[in-house]
Amino acid sequence: MQLIRGFHNLAQRAELEKGCVLSIGNFDGVHLGHQNVLARLIDKSLALNLPSVVMIFEPQPREFFAQKSGDFSQNQPPARLMRLRDKLKYLGEAGVDFVLCVRFCEKFAKLSAEEFITDLLVKQLKVRYLSVGDDFRFGAKRAGNYETLRNAGLKYRFAVEESHTHSLEAERISSSLIREALQADNLTLAEKLLGKPYSIAGRVAHGNKLGRTIGFPTANIMLNRLVTPIQGVYAVQVETKSGKFNGVANVGNRPTINGSKPLLEVHIFDFNQAIYGEAIEVSFLHKIRNEVKFPSFEELKAQIKKDYEQAVKFFENKQKEIA
C-alpha cells in the first residue's frame, strides 16, 4: 500500500494514469463492515485491472467543523477509534493499493459538489468505479449525495455502487455503534464489530514516573485526540517487540494528581525491559472500573493495588476457561 498526501501528488503516480477504482470515507476502526467494502473494491480492481484507491480525510470533516466553531459542547466530533497511522496499517493489510489522504481545510470544504466530481473524481483520479455509502455527503453545504454521484456516473461513464450495509445480529455495523459499545463498556460487542479486541497503539513516552515509586511502573502513551472513546481501568494484553504480555491499564486524565491531558498508562505484568520510544499495541479485554478522583494519593495507591489484583484474577479465570 502506498500513501498519497493530497491531490497535488497524484501526477507523480504513473500507475493511476489509466484510472482507478475508488472508495471514499473515514474508515475509522476499519471494522468488519469496512473490510467487506474493501474486499469488494479489490475484486473490482482485479476485474478491471485498475489500482484500488481509498480516499480519506485529515482532519475528519466533523473534527474540522468542530475546531472551526470552537464550541465543542455543541459541536463535539465523534471519538476516533484509531489514529491515522493505525488506519493506514489496516487498510494496507486489507490489500488496498493506494490511500489518498486529503487535507480537509476551508478551501476544500468550499468546493462545490460539481467541482468535486469533475475536477477531482473525473479529471484527476479518472475514476471508473466508485463505492460510497448511501448517506455520503460532499461538496459545499453537503449539497452532493449518492444520487448526485449516480447521475454523474451516467454522464462521465463511471460505475457507482452503494457500500452495502453489513449487519451483525440485525445491527448495522458502523463506527458509531462501536463507539456506543465502548461507551457502554460492552467490549465484547465492540470486538465482534471490529473483528478483534479494541486496541490503542502508540510509542512509549516518558511520564512522571510516579508508578515506579509505588511498585507499579507504567509504559505511557500520549493520546493526542480531540475525544477518546474509552475511559477507566482495564485488564489488557500488550503486544511489544518481545511478544505479548498481560497487564492493567488506565485511560484518562489522572484527576487525583491533577493531570490535564489524556494518557494511556499500562503496567505490564512480569516485565522489566526498557521500552521508551518503542511502538506497542494495547488491547482492552475487561473493564475494571471508571476513572475517579481520590481524596489523596495514598487512597489512589491502595486502589491501584486492588486494580492489579482484579486484573490478575481476570487472566487467571480466563486461563481456566481455556483449560
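User: In this predicted model, which strands does helix H10 lie across, and at about what angle does H10 run to E14?
Analyst: The model is a prediction. Helix H10 spans residues 297-322 and lies across E11, E12, strand E13 (263-268) and strand E14 (279-289). Its direction relative to E14 is about 95°.

User: What is the order of the strands in the open sheet of six strands?
Analyst: Pairing in this open sheet is antiparallel. Neighbouring strands are turned against each other by 30° on average, direction ignored. The six strands follow the order E9-E14-E11-E12-E13-E10.

User: Which strands stand at the edges of that sheet, and why is one side of each left without a neighbour?
Analyst: The strand order of the sheet is E9-E14-E11-E12-E13-E10. An edge strand here has a single partner strand, so one side of it has no neighbour in the sheet. The two edge strands are E9 (199-203) and E10 (219-222).

User: Which residue of E12 is the bridge partner of Val-238?
Analyst: Strand E11 covers residues 232-240 and strand E12 residues 243-252. The two run antiparallel and are joined by nine bridges. In E12, Val-238 has as its bridge partner Phe-245.

User: Over what arc around the axis do the buried residues of helix H6 lie?
Analyst: Helix H6 (residues 146-156) has Tyr-146, Leu-149, Ala-152 and Gly-153 as its buried residues. Their narrow spread around the axis puts them on the same side of H6, over an arc of only 120°.

User: Which residues are exposed on the other side of H6, and what covers its buried residues?
Analyst: The cover over the buried residues of H6 includes helix H5 (113-124), strand E5 (127-132) and strand E6 (159-162). On the other side of H6, the exposed residues are Leu-154 and Lys-155.

User: Which residue caps the N-terminal end of H6, and which residue just after H6 takes a positive phi?
Analyst: At the N-terminal end, a side-chain oxygen of the capping residue, Asn-145, lies 3.1 Å from the backbone nitrogen of Glu-147. Just after H6, a positive phi of about 65° belongs to Arg-157.

User: How are the rings of Phe-136 and Phe-138 arranged as a pair?
Analyst: Phe-136 and Phe-138 are both buried. Their ring centres are 5.6 Å apart and their planes meet at 15°. Planes under 30 degrees apart count as stacked, so this pair is stacked.

User: Which residues form one aromatic cluster with Phe-136 and Phe-138?
Analyst: The count of aromatic pairs comes to 16. Phe-136 and Phe-138 belong to one cluster. The other members of that cluster are Phe-57, Phe-64, Phe-65, Phe-104, Phe-108 and Phe-116.

Definitions and conventions. Residues numbered from 1 in each chain as written. Predicted model: local features only at pLDDT ≥ 70, side-chain atom pairs only at ≥ 80, totals over all residues. Heavy atoms only, no water. Phe/Tyr/Trp six-rings, centres within 6.5 Å; stacked < 30°, edge-to-face > 60°. Buried < 20%, exposed > 50% of the residue type's maximum accessible area, 1.4 Å probe, protein only. Pairing = 2+ DSSP bridges. Helix = DSSP H or I, 4+ residues; strand = E, 2+ residues; numbered from the N terminus. Axes fitted to C-alpha atoms, helices over the stretch in contact; angles between N-to-C directions. Contact = heavy atoms within 4.5 Å. Arc of directions from axis to C-beta. Polar contact = N/O pair within 3.5 Å; in protein donor to acceptor, adjacent residues only side chain to side chain.
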